[in-house]
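This short report covers helix packing, one buried loop residue and some backbone angles. Please keep the structure open while reading.

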Amino acid sequence: MPAKDVRGYHAEYKAQQRQSYMDIGPIPDVKDQARRDSCENDFVKFCSTYRSDVFYFGWSDDHIKAAETMQNVVEGGGLYGVAMPRGSGKTTLAITCCLWAILYKKKQYICLVGATAGKAEALLKSIKTELRFNQALIEDFPEVCYPIVKLEGKATRAAGQLCEGEPTNMAWLSDMLVTPTVRGSESSIISVAGITGDIRGQQYTLPTGGIC
């Protein structure tokens, strides 16, 4: 075989191997559809079901009121301010509400604001950790979590990841998470910023060409 053909053969072989490595294959089935469905319109139940490791105390009336108000804002819009004592769960509720909103596609774009840029990025890191390691979420929301798990924490893999030959179009950045686009499930975006940062005018161009 001529040297040129040999080089071409090896290049093609490496390209095929690379594509095979980058393609995560089909998305697994939902393990417990009834469990997933039961929390779609009940944020409090989602907290207790999918994050029982942190929501292990009984719910006070004030916590239920705050959680129900968060759900109303996510589903219907509006503004909501709450003052609660330090350590009473405000941040945990906010992180879990973001998870609930993107997993059920109730919001396509969320901007989570922290006291500083560094603290905001820490909030996003917590969300990423749940999507990557929370076994119940991985089992019941495979269209979002499975491609994330397959990154193995390596952000550089996101740009080239494929699912059955199609790009997942994920982004795994310190200040932004774009969840995978797979068959039957479009991307959702969570960006973070410090309270004095650039919050206004945020937008993202979707793989389909739309802007959110």
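## Helix α3 and its neighbours

The buried residues of α3 pack against four helices: α2 (33–38), α4 (61–76), α5 (90–103) and α7 (135–140). The model behind this picture is predicted.

Which residues of α3 are buried? Helix α3 spans residues 43–50, and its buried residues are Phe-43, Val-44, Phe-46, Cys-47 and Tyr-50. They sit on the same side of α3, because they cover an arc of only 165° around the axis. The general pattern helps here: an α-helix has 3.6 residues a turn, so residues three or four places apart point the same way.

The N-terminal end of α3 is capped by Asp-42. A side-chain oxygen of Asp-42 lies 3.3 Å from the backbone nitrogen of Val-44. Val-44 is also one of the buried residues of α3.

## The α4–α5 pair

Helices α4 and α5 both serve as packing partners for the buried residues of α3. They also pack against each other, at an angle of about 35°. Their axes are 11 Å apart. The crossing of α4 past α5 is right-handed.

From α4, the contact uses His-63, Ala-67, Met-70, Gln-71, Val-74 and Glu-75. From α5, it uses Leu-93, Ala-94, Cys-97, Trp-100 and Ala-101. How many of the contact residues are nonpolar, polar and charged? Eight are nonpolar, two are polar and one is charged.

## Ser-188 in its loop

Ser-188 belongs to the loop between β5 (176–178) and β6 (189–194). Is Ser-188 buried or exposed? Its relative accessibility is 2%, so Ser-188 counts as buried; the cut-off for buried is under 20%.

What does Ser-188 touch, leaving aside its neighbours within four places in sequence? Its contacts are Ile-102, Lys-105, Lys-107, Gln-108, Leu-177, Val-178 and Thr-179. Of these, Lys-105 comes up again below.

## Two positive phi angles

Lys-105 has phi near 55°, a positive value in a residue other than glycine. Lys-105 is located in the loop between α5 and β1 (109–114). Its relative accessibility is 35%, so Lys-105 counts as partly exposed. Lys-105 is also in contact with the buried Ser-188.

Asn-169 has phi near 55° too, again positive in a residue other than glycine. Its place is the loop between β3 (166–167) and β4 (171–172). With a relative accessible area of 31%, Asn-169 is partly exposed.

Terms used:
Residues numbered from 1 in each chain as written. Predicted model: local features only at pLDDT ≥ 70, side-chain atom pairs only at ≥ 80, totals over all residues. Heavy atoms only, no water. Buried < 20%, exposed > 50% of the residue type's maximum accessible area, 1.4 Å probe, protein only. Arc of directions from axis to C-beta. Contact = heavy atoms within 4.5 Å. Polar contact = N/O pair within 3.5 Å; in protein donor to acceptor, adjacent residues only side chain to side chain. Axes fitted to C-alpha atoms, helices over the stretch in contact; angles between N-to-C directions. Left-handed = near helix turned anticlockwise from the far one by under 90°. Nonpolar A, V, L, I, M, F, W, Y, C, P; charged D, E, K, R; others polar.
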